[in-house]
Each structure stands twice: as C-alpha cells, then as structure tokens.
Amino acid sequence: MIFSKCQSIDATCNEYVHPWSESCVGATLPLIIPCLKESFRIYSIAYSVALLLKGRVPTEKDLKNTFLGIIQSCIFLTSHGVGYSSACCLIRKVMGYYNFYTISFLPSFLSSIISILIERPSRRALLSLYVTNVASETVFRMAVARKLVKPIPFGEVFIFAVAVGNLLYFYKAHGLPKDPVYSFLRFLVGPYEEKGYIKPDHNDLFNDKKESKLRKYHFCKYIYRLSDWYQRKLLKLKSLTLHSSCPHYYSCLYYVLSGGVEKFIKGYILQLIIKVIINFKRIVKRPSLLIEIPLKRESVNLAIFVGIFTSVFRTVSCALRRFLDHDSNYSALPAGFLAGLSFYFYRDNTIALYFMWKTFQICYNLASEKGYVPELPWAPVFLHAFSTAILFHVAIVEPTNLRPSYWNFLQDMSGEWIAKMDRKCIDVFGLESSKSLDIVLARTKKR
C-alpha cells in the first residue's frame with residue numbers, strides 16, 4: 001500500500017491508459033468519432049432550446065449563428081476528450097512515471113485550459129459554472145462517503161430558494177442585463193419587477209377592442225354568450241384593487257392568477273418540446289410516444305414549478321407592498337425565497353447548484369465593480385479547468401462518487417474508453433479504484 005500520494009508508480013501509459021493498444025496515437029484517434037457524435041447531440045439540443053427561449057421566429061442570422069455555435073462548441077468538447085488522452089500519455093513520457101496527481105488530475109487540467117480557449121468567450125463563464133456545480137456536488141459526495149458530513153433531506157430546494165431570493169434582489173435592485181440568468185428571471189417574474197421599469201400612464205386601462213372583435217366572429221349565440229361571460233368576468237377581475245406602488249397595470253389578483261396560468265402553460269409546452277427532442281430517435285421507432293409523453297407525470301413537473309413560483313412571488317410582493325405602503329427592493333428576498341420552495345416539484349441538483357454559484361459570481365462582480373475586490377478576468381478559464389480536473393480525477397480513482405449522469409456522459413463521449421483504463425495499477429493508492437469501477441459498471445450495466 002502506498003501511503004504518500006506523491007510516490008510514483010511504474011505503470012506505463014500502455015498499461016494504464018490504453019491497455020488494448022500499444023500505440024498512443026492509435027488509441028487516441030478513435031476517440032474523435034464518439035466525441036463528435038455526442039457533442040453534436042448535446043449542443044444541437046442546447047442551442048435549439050436557446051432559440052426557443054427567445055420567443056420569436058428565428059431569422060436567417062439566428063440560424064447561421066446557431067449553426068456556427070454548434071460547430072465551435074463541438075470542436076471544444078472533442079478537443080477536450082482527445083486532449084485528455086494525449087496528455088495522459090505525454091506526461092508519462094516526459095516524467096517517466098505516474099503519481100496520484102498525474103494519473104488524471106493534471107492531464108485533465110492541461111487539456112481543459114487549451115480546450116476552453118477554443119470556445120467563445122461569451123460561453124466560458126456558463127461552462128465554468130456548469131462544471132463547477134457538478135464538481136462541488138462530487139466533492140460533497142466524497143465527503144459523505146468519508147462520513148465527514150451528512151446529507152440534508154431536500155437540501156437542493158433550500159439551496160435554490162436562498163439563491164433565487166438573492167438573485168431576484170439583484171434583479172430588482174441592480175438589474176442583470178448582461179447575464180444569462182436574466183432571461184430566466186424575466187420569464188419567471190415578468191418585466192414589472194425589474195430595476196428601471198417605469199409603469200406607463202394608461203388612461204385606457206381596460207380595452208374593449210377584444211370584445212368587439214369577438215362579436216364579429218361569433219359562430220352561434222352559445223359561443224358568443226360564453227365569450228361574453230368570459231370577458232365580463234375578466235374585466236371584473238382586472239378592475240379589483242391594486243396598491244399605488246404596484247408596477248403592474250391591473251389588479252393584484254389578476255396579476256397573480258394570469259402570471260401563474262401563463263407560466264404553467266409555457267412551462268408545459270417547453271417541457272414537451274425538450275422531451276420530444278431528447279426522445280426523437282425513440283419516437284421515430286414508436287410514434288405512440290407522442291401520445292404517451294404529454295400524459296406522463298414528469299411532463300408536468302416543470303409547469304407546476306414555474307406556475308407556482310410566479311404566483312407565490314407575485315402574491316408575496318403585492319402583499320408586502322400593501323403592508324409596507326411602498327415598494328422595496330428587499331421585498332424580493334422573502335418573496336423569492338418562498339417562491340423558490342416550489343422547486344420541490346422540479347428538484348434537480350444541477351439547477352440548484354448553478355443558481356448558488358451564479359449568486360456567488362454576481363456578488364463578486366458587484367463587489368469588483370465597486371472596487372472592494374480585484375477583478376479576475378481569467379477566473380472562468382481557471383475554474384473550468386480546475387473543476388473539470390476534479391471530475392476526471394474522481395472518474396478514475398473513485399467513480400462511485402461521481403454523478404451517474406456525468407459518468408454516462410464520459411462513457412458516451414469516450415466510446416466507453418474511460419471504463420477500459422486499467423485501474424488495478426492505481427489500486428496501490430488505497431482507494432480501491434478497480435472495485436469502485438466494477439460497482440459503477442454493474443449499476444449502469446455498461447461493461
């Protein structure tokens with residue numbers, strides 16, 4: 001048993017990295033095809049969803065930028081996978097041996113630094129946040145496995161609620177026009193709560209044009225009566241009271257109900273679109289899935305989450321404006337926290353940790369703008385490389401502590417190459433790496 005992690009082992013890259021091939025180049029080049037295939041699948045979905053979130057018909061320029069973005073991102077991810085394998089072999093040839101830090105951490109760090117520079121600068125911070133939150137969850141799993149900490153039930157809900165409360169305060173007090181999270185917050189709570197929003201002077205608050213238009217196109221008296229009843233009830237709902245400091249046009253009750261219903265419908269449609277894109281191959285083989293997917297319980301989770309979130313946030317915000325007799329930026333903190341508890345219906349560690357790290361990032365950026373802390377322009381590049389190095393290192397030495405979805409991602413990206421690396425030669429470090437691999441492979445049924 002080797003007790004010092006800096007002590008070297010005599011394994012060659014042929015024995016450890018690619019035991020199925022004696023050639024480093026011959027083992028690395030076949031990685032290009034699975035890397036390109038998986039990266040294209042991932043980024044075609046990601047960029048398509050980004051287009052949908054714009055809420056308008058894409059222009060020719062949008063489609064061109066989307067296509068070029070997919071190509072550039074695919075090159076970034078492919079160079080990462082191929083670069084990691086090459087770095088593992090190169091380090092062994094330069095140093096003449098492996099130690100605990102050079103078997104995976106250092107090769108991944110070096111390949112990540114090079115790869116992230118290929119990606120567009122505007123996407124580096126987003127990628128950095130993603131791998132940082134996955135790495136932080138992995139470190140937490142390692143601490144739990146070592147019995148250093150205990151997991152908290154529904155901890156991700158609490159993390160999300162605290163983070164989104166702070167983000168909505170920034171949204172209301174400072175605004176986030178240059179940040180990707182801005183679009184999501186604006187979708188959830190609307191433009192009324194945004195910093196700098198000015199409520200227009202509406203003399204003609206209740207527009208009767210809709211009703212007159214319906215009169216032209218009624219097909220029978222029953223349809224007209226139904227539409228007329230709906231318009232009268234809607235007008236009555238809009239005419240209820242609202243506080244003078246409320247930024248919305250109509251009554252508070254209409255503000256709450258219309259927001260919740262609208263976000264529920266949009267969330268449901270968005271979830272269906274995502275599921276159809278993800279399951280496209282299965283749908284081609286089984287067209288009946290087009291009927292089954294909309295009826296599944298998990299297809300409504302996102303809709304329930306965003307619908308309740310919007311309703312609760314608007315309810316608490318309007319109640320606080322009435323109670324305090326004025327609008328306060330700090331009201332976004334309790335309103336955002338209580339609304340964030342709706343995350344219970346759409347629990348996801350990745351999303352919760354993303355919002356947590358996004359809060360830290362914005363806090364640091366605001367402090368940097370005021371001169372309290374120094375500006376770190378290369379921080380996204382370093383964080384991406386460091387966090388990715390942690391993930392790749394854990395995937396080698398103790399894969400049981402890696403998130404299953406991320407392990408599957410590494411398997412697909414490498415054509416299952418990462419599972420073929422011989423971990424018996426690194427068992428001397430005392431982490432039972434080969435046994436950990438067997439457990440993960442048995443769990444995922446990929447050998």
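**Close-up views of a predicted model**

The structure holds 1 cavity of 30 Å³ or more. Keep in mind throughout that this is a predicted model.

**View A. The cavity and the residues around it.** About 30 Å³ of space lies in this largest cavity. Its lining is made up of Pro-399, Leu-402, Arg-403, Pro-404, Trp-407, Val-440, Arg-443 and Thr-444. Two helices, α18 (404–414) and α20 (433–444), each put in at least two of the lining residues. The top contributor is α20, with 3 residues. Sort the cavity lining by class and you get 5 nonpolar, 1 polar and 2 charged residues.

**View B. The second largest pocket.** Here we're looking at a volume of about 970 Å³. The wall takes 30 residues, and those nearest the pocket's centre are Ala-125, Asp-179, Gln-361, Ile-362 and Asn-365. Helices α6 (121–145), α16 (349–369) and α17 each hand over at least two lining residues. Which helix gives the largest share of this lining? That's α16, with 10 residues. As for chemistry, the pocket lining counts 17 nonpolar, 8 polar and 5 charged residues.

**View C. Helix α17, end to end.** This helix covers residues 379–397, 19 residues in total. At 1.5 Å a residue it should span 27 Å, and since its end C-alpha atoms are 27 Å apart, the model agrees with that expectation. How many of the 19 residues of α17 are buried? The count is 14, so the helix is largely enclosed by the rest of the structure. Helix α17 also turns up in View B, as one of the helices supplying at least two residues to the lining of the second largest pocket.

**View D. An aromatic pair and its cluster.** The structure holds 27 aromatic pairs, and this close-up picks out Phe-160 with Phe-355. Their ring centres are 5.0 Å apart and the planes meet at 65°; edge-to-face needs an angle over 60 degrees, so this pair is edge-to-face. The pair ties together distant parts of the chain, with Phe-160 in helix α7 and Phe-355 in helix α16, 195 residues apart. Are these two residues buried or exposed? Both Phe-160 and Phe-355 are buried. They also belong to one aromatic cluster, along with Phe-184, Phe-305, Phe-309, Phe-343, Tyr-346 and Tyr-354.

**View E. Charges over rings.** Two spots to look at here, one with a lysine and one with an arginine. The charged end of Lys-263 sits over the ring of Phe-187, 5.8 Å from the ring centre. Arg-347 does likewise with Tyr-344: its charged end sits over that ring, 4.8 Å from the centre.

**View F. Two loop residues with positive phi.** Most residues other than glycine have a negative phi. Lys-147 has a positive value, near 60°, and lies in the loop between α6 and α7 (155–173). With a relative accessible area of 76%, Lys-147 is exposed. Glu-416 also has a positive phi, near 65°, and you'll find it in the loop between α18 and α19 (417–420). How exposed is Glu-416, and what is its relative accessible area? The value is 27%, so Glu-416 counts as partly exposed.

Technical notes:
Residues are numbered from 1 along each chain as its sequence is written. This is a predicted model: local features need pLDDT of at least 70, side-chain atom pairs count only at pLDDT 80 or more; totals for chains, interfaces and linings use all residues. Side-chain values use heavy atoms; hydrogens and water are left out. Helices (H or I, at least four residues) and strands (E, at least two) are DSSP runs, numbered from the N terminus. The expected span of a helix is 1.5 Å times one less than its number of residues. Buried means under 20% relative accessible area, exposed over 50%, partly exposed in between (1.4 Å probe, protein chains only). On a 1 Å grid over the protein atoms alone, a cavity is a set of points where a 1.4 Å probe fits but cannot get out, and a pocket is an open set with protein on both sides within 12 Å along at least five of seven lines; lining residues have an atom within 4 Å of a point. Grid points are joined across faces, edges and corners, and a volume is the space filled by probe spheres set on the points. Ala, Val, Leu, Ile, Met, Phe, Trp, Tyr, Cys and Pro count as nonpolar, Asp, Glu, Lys and Arg as charged, and the others, Gly among them, as polar. Rings of Phe, Tyr and Trp (its six-membered ring) pair if their centres lie within 6.5 Å; planes under 30 degrees apart count as stacked, over 60 as edge-to-face and the rest as tilted. A charge sits over a ring if NZ of Lys or CZ of Arg is within 6 Å of the ring centre and within 35 degrees of the ring normal.
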